[in-house]
Amino acid sequence: MRLAIDMTKCMGCMACEMACGYHRDDGFAFLSSSIQVYRSKEKKDYSGVMLKEDEYLVLSRPEGLEVSRIGAIEEDPEKEADASAKPLLLREGCDFCEAMDGGPMCIRFCPVDAITLGE
Ligand code: SF4
Ligand code: SF4
């Protein structure tokens, strides 16, 4: 099971990040979210979404999907140099909001239905 994010729909609003923080902490705390929006300093109007799973980091970007094993990121100096992913690696992996009535919070709060749950 994995969350899929359609980057042709995503507008980088961060509602998923806020909803996940609420799921984790019963408050709007971005620091505990398993999902994180990032923007590029180099490219205008560019954003992607990072998702921390238990063993993988999933990057959804306009140019495609990248799935990396977390141990491999920590061993790879080039990937580790990507500072934007570091805080996320320390957080809990997505649990698909299994204890929440109504299912994954990020899916429920995405205003453009960009997130789906697949196999
Ligand atoms: S499914 Fe739940 S735990 Fe996973 S990213 Fe979405 S809100 Fe966070
Ligand atoms: S809530 Fe939906 S549109 Fe907003 S950043 Fe997350 S995936 Fe993108």
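How many residues lie between β3 and β4 in their hairpin? The legends below answer this along the way, and they all describe a predicted model.

**Figure 1. The β3–β4 hairpin has three residues between its strands.** Here you can follow strand β3, residues 47-52, and strand β4, residues 56-61, as they pair in the antiparallel sense. Four bridges link the two strands. To find one of these pairings for yourself, start at leucine 51 and look across to β4, where its bridge partner is valine 58. As you trace the strands, keep one general idea in mind: in a regular strand, side chains alternate between the two faces of the sheet.

**Figure 2. Strand β4 also forms a hairpin with β5.** Move on to strand β5, which covers residues 64-69 and runs antiparallel to β4. Six bridges join β4 and β5, and two residues sit between them in the hairpin. A handy pair to look for is leucine 57 with its bridge partner in β5, serine 68.

**Figure 3. Glutamate 53 sits in the loop between β3 and β4.** Is this glutamate 53 buried or exposed? Its relative accessible area is 9%, and buried means under 20%, so glutamate 53 is buried. Setting aside neighbours within four places in sequence, you will find glutamate 53 in contact with Arg2, Val58, Ile70, Gly93 and Cys94. Two of these names appear in other views: Val58 is the bridge partner of leucine 51, and Cys94 is among the residues that come nearest to ligand 1.

**Figure 4. Ligand 1 has 13 residues around it.** Those that come nearest are Cys20, Cys94, Asp95, Cys97 and Cys106. Two elements give two or more residues to this shell: α1 (15-25) and α5 (105-109). The largest share, three residues, comes from α1. Sorted by class, the shell around ligand 1 has ten nonpolar residues, one polar residue and two charged residues. Take a moment to find cysteine 94, which is buried because its relative accessible area of 14% falls under 20%.

**Figure 5. Ligand 2 has a shell with no charged residues.** Looking around ligand 2, you meet Cys10, Met11, Gly12, Cys13, Met14, Ala15 and Cys16, along with Val37, Cys110, Pro111, Val112 and Ile115. By class, eleven of the residues in this shell are nonpolar and one is polar. Cysteine 16 is one of the residues around ligand 2. With 10% relative accessibility, cysteine 16 counts as buried. With several cysteines in view, you may wonder how many disulfides there are. A disulfide is a covalent bond between the sulfur atoms of two cysteines. The count here comes to zero.

**Figure 6. The protein contains five helices and six strands.** Stepping back from the close-ups, you can read the elements along the sequence as β-α-β-β-β-β-α-α-α-α-β. The C-alpha trace spans about 40 × 30 × 30 Å along its principal axes. For 119 residues, a compact globule would have a radius of gyration near 14 Å, and the protein agrees with this, at 14 Å. Of the 119 residues, 43% count as buried. Among contacts with a separation of 6 or more, 50% come from residues 24 or more positions apart.

Key. Residues are numbered from 1 along each chain as its sequence is written. Chains are lettered from A and ligands numbered from 1 in the order in which they are written. This is a predicted model: local features need pLDDT of at least 70, side-chain atom pairs count only at pLDDT 80 or more; totals for chains, interfaces and linings use all residues. Side-chain values use heavy atoms; hydrogens and water are left out. A residue is near a molecule or strand if one of its heavy atoms lies within 4 Å of it. Ala, Val, Leu, Ile, Met, Phe, Trp, Tyr, Cys and Pro count as nonpolar, Asp, Glu, Lys and Arg as charged, and the others, Gly among them, as polar. Two strands pair if DSSP finds at least two bridges between them. Buried means under 20% relative accessible area, exposed over 50%, partly exposed in between (1.4 Å probe, protein chains only). Contact means heavy atoms within 4.5 Å. A disulfide is a pair of cysteine sulfur atoms within 2.5 Å. The radius of gyration is taken over C-alpha atoms; the globule rule is 2.2 Å times the number of residues to the power 0.38.
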